[in-house]
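Colleague: I'm new to this one and I'd like to know what stands behind each word you use. Can you walk me through it?

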Amino acid sequence: MGKITILGSAAAEGVPAIFCNCRVCTEAWKNGGKDMRLRTAYKLNDRVRIDFGPDSMAQEYKFQLHSENLRHLFITHSHEDHFRVEELIYRRPGFSVVAEDNILNVYGNVGVMDAIYTAYAKRRCDFAFYRINPVEIKAFMPIELPEEDMTFHPMKANHMPSEQPNFYIIRHGEKYLMIANDTGYFCEEDWAYIAALNIRFDVVITDCTGGILDNRDGHMSGKWVIASKTRLEEMGCVDENTQYFINHFSHNGRLTHAELEAHYNPHGIQVGYDGLEIEY
């Protein structure tokens with residue numbers, strides 16, 4: 001039995017968004033609870049996470065994460081709401097007590113690697129001193145974590161043309177998961193790779209940044225969320241036993257949590273929120 005914890009469910013501005021007085025943000029302040037959203041990140045277990053944005057410290061306290069146990073950090077792309085590289089500086093002696101053999105592997109595309117090397121070049125590029133190990137990844141080249149009984153398949157996200165962002169398909173034991181925020185409708189290479197894997201997903205989490213809006217590229221929402229689920233069903237990758245979620249919401253999507261549920265639940269799609277634990 002595994003478990004995904006949604007540590008954050010918002011897009012870059014958070015919800016309620018800083019400085020904002022729109023209806024969704026006003027309702028979030030009023031309602032609290034599931035309408036209050038930190039920036040998106042995920043925990044698979046104490047040692048494996050996806051993304052590490054500007055709310056990482058708040059998530060550390062809120063969910064008692066104990067990041068001293070973290071060993072594998074997968075980054076989707078270098079946008080600052082998903083990767084706050086400066087936070088990793090605090091793994092150095094003098095800021096934290098981290099054993100020399102406690103190495104954090106940080107996986108990401110070339111843009112993520114550039115962000116790491118740029119940040120550390122201002123100090124010293126002695127990654128052992130900071131107890132990190134940067135690992136460049138490429139789409140469709142799996143990463144094995146044998147000690148976790150996991151395989152990560154980096155996919156091509158339809159997002160941020162200046163670099164090749166990733167989303168992830170994950171094998172955990174005999175279970176298969178997809179965590180796919182910050183992507184529009186998948187590219188045909190993704191669909192072909194998924195078909196070749198010939199799997200059924202136990203859990204799917206897709207992007208719905210635009211809420212009720214019909215966004216196809218960059219981010220996905222509206223009819224394209226439903227179209228993605230339908231295509232996965234037609235491929236035999238999703239069935240009635242698949243737990244299907246949306247996540248990564250912007251206040252610009254025009255819907256509160258309850259309104260998102262009213263719109264998407266009839267399609268068999270559940271709505272993510274901060275602190276949601278998905279067991280599989």
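**Helices, strands and what the words mean**

Modeller: Start with helix 3, which lies across strand 5 and strand 6 and runs at about 145° to strand 6. This is a predicted model, where local features need pLDDT of at least 70 and side-chain atom pairs pLDDT 80 or more, while totals for chains, interfaces and linings use all residues. Residues are numbered from 1 along each chain as its sequence is written, and side-chain values use heavy atoms, without hydrogens or water.

Colleague: What does an angle of about 145° to strand 6 rest on?

Modeller: Axes are lines fitted to C-alpha atoms (for helices, over the stretch in contact, meaning heavy atoms within 4.5 Å). Angles run from 0 to 180 degrees between N-to-C directions. Helices (H or I, at least four residues) and strands (E, at least two) are DSSP runs, numbered from the N terminus.

Colleague: Tyr120 is in helix 3 (residues 110-121). Why is Tyr120 called buried rather than exposed?

Modeller: Buried means under 20% relative accessible area, exposed over 50%, and partly exposed in between, with a 1.4 Å probe and protein chains only. Tyr120 has 0%, so it counts as buried.

Colleague: And what makes strand 5 mostly covered?

Modeller: Five of the five residues in strand 5 (residues 104-108) are buried. Leu104, Val106 and Gly108 point one way, Asn105 and Tyr107 the other, and all are buried.

Colleague: How do you know which strands pair with strand 5?

Modeller: Two strands pair if DSSP finds at least two bridges between them. Strand 4 (residues 72-74) and strand 5 have three, in the parallel sense, with Phe74 partnering Tyr107. On to strand 6 (residues 132-136): strand 5 pairs with it over five bridges, also parallel, and Tyr107 stands opposite Val135 there. Both counts pass the cut-off of at least two, so both are pairs.

Colleague: Which larger arrangement do these strands belong to?

Modeller: An open sheet of seven strands with mixed pairing, in the order 6-5-4-3-2-1-14. Strand 6 and strand 14 (277-279) are called edge strands because each pairs on one side only, a pair needing those bridges. The twist averages 20° from one strand to the next. Inside the sheet, strand 3 (residues 48-50) and strand 4 are parallel over three bridges, and Ile50 has Phe74 as its bridge partner.

Colleague: Which strands make up the other open sheet?

Modeller: Its seven strands are in the order 7-8-9-10-11-12-13, again with mixed pairing. The edges are strand 7 (143-145) and strand 13 (270-271). Strand 8 (residues 150-156) and strand 9 (residues 166-172) run antiparallel, joined by seven bridges, one pair being Met155 and Phe167. Helix 6 (residues 223-234) packs on this sheet, touching strand 11 (203-207) and strand 12 (243-247), at about 155° to strand 12.

Colleague: Which residues lie nearest the centre of the largest pocket?

Modeller: Phe52, Ser67, Glu87, Tyr90 and Arg91, out of 17 lining residues. A pocket, on a 1 Å grid over the protein atoms alone, is an open set of points with protein on both sides within 12 Å along at least five of seven lines, and lining residues have an atom within 4 Å of a point. Helix 2 (residues 56-62) gives the most to that lining, with three residues.

Key: On a 1 Å grid over the protein atoms alone, a cavity is a set of points where a 1.4 Å probe fits but cannot get out, and a pocket is an open set with protein on both sides within 12 Å along at least five of seven lines; lining residues have an atom within 4 Å of a point.
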